[in-house]
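Q: Please take a close look at the place where the chains meet. Then follow the salt bridges and the packing behind that place.

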Amino acid sequence: MSRSILFFVLFLYLLSYSIIGQWFEVSMVRHVLIQIPCLVLAGYLFGRKSLINNRFLILINDKGLAGILMCIFIGGYWMLPRALDAALAGSNMALVKYISLPFFVGIPLAISWQRIHPIARAVIKIEFLTMLFRLGWLYLVSPNRLCNFYQLNEQIILGKCFLIIATSLSLYWILQLFAEDYREQETLKKNNLYDQASS
Amino acid sequence: MSSSISVIHPNLSAGARKTLLTYLAISAVVFLLMMVFGASMRYEQSEWLGMGPQYFYQIMTAHGIGMIGIVGLAASAVMWFFLSRHVQLSTPILVANLVFFLIGVVLILGAIFIGGFAAAWTFLYPLPAMGKGVWGNHAAASYLVGLLLIGVGFLLLYLDTARGIMKKYGNLGKALGWPQLFFNSQDEAPPSAVIASTMVLIVNIAGIAAGAVVLVLSLVNLYMPSYELDPLLVKNLIYFFGHVFINAAIYQAVIAVYEILPLYTNRPWKPTKVFILSWTLSTLMVMSVYPHHLLMDFAMPKWALIMGQIISYMSGFPVLVVTAIGALTLIYRSGIKWDVTSRLLILSMLGWACGVIPAIVDGTISVNNVMHNTLWVPGHFHIYLLLGLLPMLFGFMYYLVQSNGNKVGAVDDVAFWFYLVGGMGFVTMFLLSGKESIPRRWAAHLSEWVPYDRIASVFATLVVIGALVFAYRFLTRLSRINIATS
């Protein structure tokens, strides 16, 4: 546990106040496509490793609903270009970003994802894809800079990246639906739950 | 034989039964209402009504979106009924779809009849934002949000069918019968209801996702016009979504043919390799044929237009041929007794098969450039829908009504002939009008065109009378529908 916390804190420092963290923020593409996802990933990995079986979190996060809603709302806020500007303009908002993304998006995602209903998981995946397509399209057609700190050409590159990521993810998830055997996964899941319950 | 047709569902819960019957009851009423709307447009063009262009285009919008939505709802009820015999589906999701649907319908009706929205069901960019005083941005937004909510409901439903199917069959390839088709698996192929439902969920989830993107972007444009969209891209996405959705309605409803006709003929309808192959091909073609709606858009890439024409020629065939030949083989010397259910189901095969011919004609680029904006096109899709899809859905309703010994009267037989003659005459007048280059989507017609409209109006009235009897029969027999568990 203590090693996990150490790695987690070190990872957060690297992503935020270190030279690497600052380098991410210089470019809109690196900021949105590397720093923010990595902050979420840090929280997610820490949550998976250390908090997924925490009884208190399971108690207050019945069926993963509270956690996934927190993840959606906080994550949604950081999708706003205005929020990126605020994080770059002031150190307080930067701190809010470095804390909120791992703690209120990554960790809730880790402890909720397997607990929510499979239909809800699928809806979130599809909405995530469609949102990437929408944002990509909007960034491409926007006549103005959406972030004051970044130039228009970076916005266009980011829009294209969104479309590429959305297309690639769509293909990957479609292939999964044809290649994997979900009966085996169901059986494994049941066995795991049985093991947990019996231990 | 019809009196002994049994309606069996081994595991239909009381809640699911009630919800499915609610789906169908709402569908019966809305079919009728939308047919009255459709007939009233023909009366207007016949100069028998004086509603004026504003109401005409509102009714045209309501008729288009109303029919697409309601056949989707009714067809999903057919799919759910038969699929849930094989896989476990969620009744709360079935209810949720209905709730989303009804909220969406309220928003759409409000947009059209209170807000005056009349941009046709296709809401092609930038028309929703150009009401010019006839409708405002809020009305257009209400229409778009209504559609979005209906899409969310259907998305939940198809995700649930995907979950149920994959839980039992492992993945979508296995549910489509690929191990039997490509790897000579000796395991029994999935039932036709499962294969058809798998195809439907694949194409419809893709279609709804495309619709969700374009609807939100259109909403953004409504309130922030500086975000100008590419009209051709918007049109592509709308037609991908719309074409897939209405096609998928047919592919859901045809499950009724696979499941009910064998009961009438006492012959099983087992999926063969050809059957599986045809459904796999149709899965791909339904998603790639939509450019035939854009053959007049010269800015489209040439390859897309050529693909639209070639796949238009091919796409109707696989499932249709397999289903039509399968149905004929089933009937031949089977001693089938003709009642309203079996007649409607066979009529649906005829309508579906005949609808392919004008579709192929219109799918030819050189013809399309002349015919696409004429009444030929409503002629083509009304054959599919009025004579193909709706008889499948009414046939399913009669299957339930005549369940386990319940009988219907001679008036139903008469209504069938009204519907058949009226439907055939009605679509023929569309095709003849198209041949005479009468434009579509025009509220007022030149005096030379009015005779066609008047003959069509008479046939439309026959259709409405037939459908009135069908709907009345279903609604008044709802409480007597008897679905046995074994």
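A: The answer starts at the chain contact, then turns to the domains, the salt bridges and two single residues.

This is a predicted model: local features need pLDDT of at least 70, side-chain atom pairs count only at pLDDT 80 or more, and totals for chains, interfaces and linings use all residues. Residues are numbered from 1 along each chain as its sequence is written, chains are lettered from A and ligands numbered from 1 in the order in which they are written, and side-chain values use heavy atoms, with hydrogens and water left out.

Chain A brings 23 residues to the contact and chain B brings 33. Contact here means heavy atoms within 4.5 Å. The chains bury about 2300 Å² between them, with 78% of that on carbon and sulfur atoms. Buried area is the accessible area (1.4 Å probe) that two parts lose on being put together, summed over both. On the side of chain A, A:Ile119, A:Trp137 and A:Phe178 supply 32% of the area buried against chain B, more than any other three residues.

Polar links cross this interface too. The rule finds 8 residue pairs in polar contact, both at pLDDT 80 or more. A polar contact is a pair of N or O atoms within 3.5 Å; within protein, one must be able to donate a hydrogen and the other to accept it, and residues adjacent in sequence count only if both atoms are side-chain atoms.

Which elements of chain A give two or more residues to the side that touches chain B? They are helix H8 (118-141), helix H9 (152-179) and helix H10 (182-198) of chain A. Helices (H or I, at least four residues) and strands (E, at least two) are DSSP runs, numbered from the N terminus. H8(A) gives the most to this side, with 11 residues. By type, the side of chain A that touches chain B divides into 15 nonpolar, 3 polar and 5 charged residues. Ala, Val, Leu, Ile, Met, Phe, Trp, Tyr, Cys and Pro count as nonpolar, Asp, Glu, Lys and Arg as charged, and the others, Gly among them, as polar.

Now the domains of chain A. Domain 1 spans 1-116 and domain 2 spans 117-199. These bounds come from an automatic or database domain assignment. The two centres, taken over C-alpha atoms, are 17 Å apart. Contact joins 20 residues of domain 1 of chain A to 22 residues of domain 2 of chain A. The two domains bury about 1800 Å² between them, 72% of it on carbon and sulfur atoms. In domain 1 of chain A, A:Met28, A:Trp113 and A:Ile116 lose the most area to domain 2, together 35% of what that side buries. Salt bridges between these domains number 0.

Next, the salt bridges. A salt bridge is a side-chain nitrogen of Lys or Arg within 4 Å of a carboxyl oxygen of Asp or Glu. The structure holds 13 of them over all chains. Across the interface of chain A and chain B the rule finds 1. There, B:Lys174 pairs with A:Asp181, the closest N and O atoms being 2.7 Å apart.

Within chain B, B:Arg85 and B:Glu259 meet in a salt bridge at 3.3 Å, N to O. This pair links distant parts of the chain, 174 residues apart: B:Arg85 sits in the loop between H2 and helix H3 (91-114), and B:Glu259 in helix H8 (residues 231-265) of chain B. B:Arg85 counts as partly exposed because its relative accessibility is 22%. B:Glu259, at 16%, counts as buried. Buried means under 20% relative accessible area, exposed over 50%, partly exposed in between (1.4 Å probe, protein chains only).

B:Arg473 and B:Asp412 form another salt bridge, at 2.7 Å, N to O. B:Arg473 lies in helix H16 (residues 450-476) and B:Asp412 in helix H15 (residues 410-435) of chain B, 61 residues apart. B:Arg473 is buried, with a relative accessible area of 13%. B:Asp412 is buried as well, at 0%. Back at the chain contact, salt bridges that share partners join A:Asp181, A:Arg183 and B:Lys174 into one network.

Last, two residues of chain B. B:His382 is in helix H14 (residues 376-401). Its side chain reaches the backbone oxygen of B:Pro378 at 2.7 Å. B:Phe56 belongs to helix H2 (residues 52-83) of chain B. B:Phe56 counts as buried because its relative accessibility is 1%. Beyond neighbours within four places in sequence, the contacts of B:Phe56 include B:Met41, B:Trp442 and B:Ala443.
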